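Student: I've got a model open and would like to quiz you on it. Can we go through it piece by piece?

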Amino acid sequence: MSGAGKRQRLTLRIAAMPMGLLALSCLYPIFFAVNNALKTRHDYMLDRFGLATQPTLDNFVQAWTRAHLDEYFLNSVIATLGAVILLMVVSSMAGFALASLRFPYRRFLFAVILSSLMIPVQVVLVPFMRTMLALNLVNTHIGLILSYTAFFLPFSVYMMTAFYSGLPRELIEAARIDGASLLQVWWHVMLPLGTPALVTLAILNTLSCWNDILISLLVMQKHRTLMVGISALKGQYSDQIPLFTAGIVIAAAPIVVLYILFQRRIVSGIAVGAVKG
């Protein structure tokens, strides 16, 4: 037994070595960006890969004020929070209806929602922009919120439908016997029970909305979001790499913190979709 245990520990140690190297390779770009963001332009030109000998936060201040990242950051926060809240409400109600209620063409409607997941965003950009222009929603926060909701809703509905399908129908029947309406059943029964899936869904949609460039670039042409503003920094300050990397760090920091705090929830979101629908 002891010999088998030693061999098992040795195997684990050998397997951990390439995994550790892989982890270091993933962490190095973060270190590289933060390190260069702390350098002055002169220090960066002298040594691009060395450590920052005289760290300074001036690049972060300049990126936040002179490059207008404060305005872009606010636009991203408004669009992301609005879209995530709307996605949670709509997907939860739709998932409850598709999983627990019986109405005509329910399965067909669910199949249509699933099929929309296979349609690339680029295919519908022309009709999408025509609709946005016709409704005067271009360059508005509500337009970007509705756009995010439309594009990310199919996956959200699928995820909530899969989760609610795993809950016993007796809970709904008991609430209906007590005289609760469908809206009351959703609010008092299904919504609290669906909190784990909703939290996971909120995290995933936050990552998608915050990191988006294509949709926000089309909808918010005058009022940029943070990721679009960071992309523009590369052209405006191509000769000031420390300033550009400071902008990247500012944009990535909220997402990194969110992932560190809720990494278990993000991983569990993969298992939610595996529930039989």
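Student: Let's start with Ala 232: is it buried or exposed?
Tutor: Keep in mind that we're looking at a predicted model. Ala 232 has a relative accessible area of 18%, and the cut-off for burial is under 20%. So Ala 232 counts as buried.

Student: Which helix is Ala 232 in?
Tutor: Look at the stretch covering residues 226-236. Ala 232 sits in that run, which is helix α12.

Student: How far apart in space are Ala 232 and Phe 244?
Tutor: Along the sequence, 12 residues separate Ala 232 and Phe 244. Going C-alpha to C-alpha, the distance in space is 9.6 Å.

Student: Zooming out, how many helices and strands does the protein have?
Tutor: Reading along the sequence gives α-α-α-α-α-α-α-α-α-α-α-α-α, with nothing else in the pattern. The tally for the protein is 13 helices and 0 strands.

Student: What radius of gyration does the protein have, set against a compact globule?
Tutor: For 277 residues, a compact globule would come out near 19 Å. The C-alpha atoms here fill a box of roughly 75 × 75 × 35 Å along the principal axes. The radius of gyration of the protein is 24 Å.

Student: What share of the contacts join residues at least 24 apart?
Tutor: The pool to count from is contacts between residues at least 6 apart in sequence. Of those, the share joining residues at least 24 apart is 73%.

Student: And what about the surface: how much of the exposed area do carbon and sulfur atoms supply?
Tutor: Buried residues make up 37% of the 277 residues. The protein exposes about 16300 Å². Carbon and sulfur atoms supply 70% of that area.

Student: How far apart are the mean positions of the positive and negative charges?
Tutor: There are 20 positive and 10 negative charges to average over. The two mean positions are separated by 13 Å.

Student: On to the rings: how many aromatic pairs are there?
Tutor: Two rings pair if their centres lie within 6.5 Å. With that rule, the protein has 10 aromatic pairs.

Student: Is the pair of Phe 110 and Tyr 158 stacked or edge-to-face?
Tutor: Their centres are 6.4 Å apart and the angle between the planes is 25 degrees. Planes under 30 degrees apart count as stacked, and over 60 as edge-to-face. So Phe 110 and Tyr 158 are stacked.

Student: Why does that pair tie together parts that are apart in sequence, and by how many residues?
Tutor: Phe 110 lies in helix α5 (residues 106-116), while Tyr 158 lies in helix α7 (residues 141-165). The pair therefore links parts of the sequence that are apart by 48 residues.

Student: Which of those two rings is buried?
Tutor: Tyr 158 has 25% relative accessibility, so Tyr 158 counts as partly exposed. At 19% relative accessibility, the buried one is Phe 110.

Student: What about Tyr 148 and Phe 152: how are their rings arranged?
Tutor: Tyr 148 and Phe 152 are 4 residues apart in helix α7, which puts about one helical turn between them. Tyr 148 is buried at 1% relative accessible area, and Phe 152 is buried at 18%. With ring centres 5.9 Å apart and planes at 20 degrees, the pair is stacked.

Student: Which residues form one aromatic cluster?
Tutor: It's a group of Tyr and Phe residues. The members are Tyr 28, Phe 31, Phe 32 and Phe 49.

Student: Where is Tyr 105, and what is its phi?
Tutor: Tyr 105 lies in the loop between α4 (69-100) and α5. Its relative accessibility is 68%, so Tyr 105 counts as exposed. Phi of Tyr 105 is positive in a residue other than glycine, with a value near 60 degrees.

Student: And what is phi of Asn 136?
Tutor: Asn 136 is in the loop between α6 (125-134) and α7. With a relative accessible area of 64%, Asn 136 is exposed. Its phi is also a positive value, near 55 degrees.

Student: Last one: which residues is Ser 100 in contact with, leaving aside its neighbours within four places in sequence?
Tutor: Ser 100 is found in helix α4 and counts as buried at 4% relative accessibility. Beyond those sequence neighbours, its contacts are Arg 169, Ile 172 and Met 190.

Definitions and conventions: Residues are numbered from 1 along each chain as its sequence is written. This is a predicted model: local features need pLDDT of at least 70, side-chain atom pairs count only at pLDDT 80 or more; totals for chains, interfaces and linings use all residues. Side-chain values use heavy atoms; hydrogens and water are left out. Helices (H or I, at least four residues) and strands (E, at least two) are DSSP runs, numbered from the N terminus. The radius of gyration is taken over C-alpha atoms; the globule rule is 2.2 Å times the number of residues to the power 0.38. Buried means under 20% relative accessible area, exposed over 50%, partly exposed in between (1.4 Å probe, protein chains only). Contact means heavy atoms within 4.5 Å. Accessible areas come from the Shrake-Rupley method with a 1.4 Å probe; for residues, only the protein chains shown count as cover. Lys and Arg count as positive and Asp and Glu as negative; His and the chain ends are not counted. The place of a charge is taken as NZ of Lys, CZ of Arg, CG of Asp or CD of Glu. Rings of Phe, Tyr and Trp (its six-membered ring) pair if their centres lie within 6.5 Å; planes under 30 degrees apart count as stacked, over 60 as edge-to-face and the rest as tilted.
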